[in-house]
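Okay, thanks for coming, everyone. I'd like to walk you through a structure that's probably new to most of you, so let me get it up on the screen.

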Amino acid sequence: MADVIRAHDWASTPLGPIHEWPQSLCVAVRLILGSRQPMFIWWGPHFIRLYNDACVAIVGPERHPQILGGSGPRDPTSLWLAVGEQIEQVMAGGEATWHENAIVPVFRQGRWTDARWDYGLSPIDEPSASNGVGGVLAICKDVTDQHAQREALRASEARLQAAVDLVGLCPHAVDLATGTREWDAKLKAIWGLPPSAHVDTTVFLSGIHPDDRARVQTALAARTDPNGDGIYHLEYRVIGIEDRIERWVSVHGQTTFQEGRPVNFVGAVLDITERKRAEKRLRLSEKRLHLLVAELQHRTRNLLGVVSSMSTGTLASSVSLEEFGSRFQARLEAIARANSLLSRLHGVEGITFGVLLRMELSAHGALDDGRAGPQVGLKGPEGVQLRASVVQTLALGLHELATNALKYGALSRPEGRLRVQWDIQGGTEGERQLWIEWEETGVPVRLGEDAQPPHRGYGRELIEQALPYQLGAETSYELHRDGLRCTISLPLEPTRQEIGEPPAMNPQSRLPLSSLV
């Protein structure tokens, strides 16, 4: 560039030949020619331009060296438009200026394009000048690449922060030498602390659930073991220090070692409370589903056994197919009514004995809109819940009693009376029992010489044999000259048979319902 400057026709410019230049300008030119940093000089009232080799890339090879020695204000380029006013201020006696990351156009590949520059403008002293300033020296540095890198880093950090915020991550760091912890406001909130709270190792450990603290401390020791990989991943519970709210966290991180010593830990904490709650709900749902499937299988087996036994018993006690069809249909409807009640169960709600009893009596026309008439008396506590496994068989027993009362007993004649009462009593082993008494009066009963009826019907066999076997009930069925008294006492809690233990057999209850033929 020195040769280009020496060969230039300076005599045709306001500067004149080089040997006439002032000493301050010559020193400044030697300075810029010896530097690899891009430097410009604008000299005199015409702002004559000089520059070094490093500036060729700025002005553009297509315009070099034509613009050497030209006047700044007369060069209508984007460069003078960007910095010309600043140069004029310094030339007018203003102070030196410094500009960082400024947009300054450069001529590249045949066109002007914006670039980022750090540059300083300094006055060059010249005694012969009216204000003591002969020119302006510009020292420049192209920071376009650094700016692009900073912007890319800023964008990357913004994307990372957006992802962190989206999934709820809380980045944190620990200086293992000093114990200093860097926690953001979100992480402090998980520990039940305000944003301004100070956090150290004692505070950190005090927020961990007591049942999980030993496990966490073991993992903390393992992550600082130089013989390990320093990776830390653990899930545990936190009790908010100030709000006392229990939360679940998942912690991931990596320990950095220097010369075999742990020096730093960087990681992230994720609040997984909702996930843990969802997992718990799922486990409970799966458990309920398993119980429902088991209950469905149990009910289906029971229902098939009941229907099979009922058809056989009904057929054996019927004198014609028409009678069999009528009686069998009625008994099927009783089972259907019981299953209709079972299908309406929700949550922990159960079927009460009062509802089941009134349903059967209403189905036989013994109640008027669910209320007892002059022939029927009902007395007992409401809300006595029955186990689902009890309903089908007990409903069938009540159906047989109601059917017999309607056909042959108290409900078959105006003077007959039916009284049903029930209560909760203590059983023989202290468990709660539902005690039921079904009593019919005003009905003449034909008994044999042994004070027993001529034959035993299906309904009586069901009550005396099936209920004790399937429900663990104690029953009595007594006919007398004026009517009937039947008692049933059954456990309200699950029987040993239902929980997998052999049933306690009474001497008179050896047969299951399916064997009543």
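Right, let's start with a salt bridge: D3 pairs with R6, and their closest N and O atoms are 2.3 Å apart. Before I go further, please keep in mind that this is a predicted model. Back to our pair. D3 and R6 are three residues apart in helix α1, so there's about one helical turn between them. And are they buried or exposed? D3 is exposed, and R6 is exposed as well.

How many salt bridges are there by this rule? The count comes to 16. Let me show you another one, between R154 and E151, where the closest N and O atoms are 2.2 Å apart. Here again we're within a helix: R154 and E151 are three residues apart in α5, which covers residues 144-167, so about one helical turn separates them. As for the surface, R154 counts as partly exposed because its relative accessibility is 45%. E151 is partly exposed too, with a relative accessible area of 35%.

Now for a salt bridge between strands. E437 bridges to R419, with the closest N and O atoms 3.6 Å apart. E437 is in strand β17, residues 432-441, and R419 is in strand β16, so this pair ties together parts that are 18 residues apart in sequence. What about burial? E437 counts as buried, at 6% relative accessibility, while R419 counts as partly exposed, at 35%. And there's also a network to look at: E235, R275, K276 and E279 are joined into one by salt bridges that share partners.

Hold on to K276 for a second, since it turns up again with an aromatic ring. K276 lies over the face of W248, at 4.5 Å from the ring centre. There's an arginine doing something along those lines: the charged end of R223 sits over the ring of F265, 4.0 Å from the centre of that ring.

That brings us to rings with rings. If you search the whole structure, you find 11 aromatic pairs. Take F40 and W42: their ring centres are 5.3 Å apart and their planes are at 15 degrees, so this pair is stacked. Both F40 and W42 are buried. They also belong to a cluster, and which residues form it? It's F40, W42, F47, Y51 and W80, in one aromatic cluster.

Then have a look at F353 and W422. Their ring centres are 5.3 Å apart and the planes are at 65 degrees, so we call that pair edge-to-face. What I like here is where the partners come from: F353 is in helix α11, residues 353-363, and W422 is in strand β16, residues 417-426, so the pair links distant parts of the chain, 69 residues apart. F353 and W422 are both buried. If β16 sounds familiar, that's because it's the strand with R419 from our salt bridge.

Let's stay with tryptophans and find W10. Where is it? W10 is in the loop between α1, residues 2-7, and α2, residues 23-33. It's a loop residue, but W10 counts as buried, at 2% relative accessibility. Leaving out residues up to four places away in sequence, the residues that W10 touches include I5, W21, I48, R49, L50 and G69. L68 is another one of those contacts. The C-alpha atoms of W10 and L68 are 9.8 Å apart, with their positions 58 residues apart along the chain.

For another loop, go over to S318, between α9, residues 273-316, and α10, residues 321-343. S318 counts as buried as well, at 14% relative accessibility. Which residues does S318 touch, not counting those up to four places away in sequence? They are E323, F324 and R327.

Last stop, cysteines. A disulfide, just as a reminder, is a covalent bond between the sulfur atoms of two cysteines. How many disulfides does the structure hold? Zero. C55 is in no disulfide, and the nearest cysteine sulfur, the one on C140, is 5.8 Å away. C55 is buried, with a relative accessible area of 0%. C486 counts as buried too, at 2% relative accessibility.

That's my tour. Happy to rotate the model to any of these spots if you'd like another look.

Conventions
Residues are numbered from 1 along each chain as its sequence is written. This is a predicted model: local features need pLDDT of at least 70, side-chain atom pairs count only at pLDDT 80 or more; totals for chains, interfaces and linings use all residues. Side-chain values use heavy atoms; hydrogens and water are left out. Helices (H or I, at least four residues) and strands (E, at least two) are DSSP runs, numbered from the N terminus. Buried means under 20% relative accessible area, exposed over 50%, partly exposed in between (1.4 Å probe, protein chains only). Contact means heavy atoms within 4.5 Å. Rings of Phe, Tyr and Trp (its six-membered ring) pair if their centres lie within 6.5 Å; planes under 30 degrees apart count as stacked, over 60 as edge-to-face and the rest as tilted. A charge sits over a ring if NZ of Lys or CZ of Arg is within 6 Å of the ring centre and within 35 degrees of the ring normal. A disulfide is a pair of cysteine sulfur atoms within 2.5 Å. A salt bridge is a side-chain nitrogen of Lys or Arg within 4 Å of a carboxyl oxygen of Asp or Glu.
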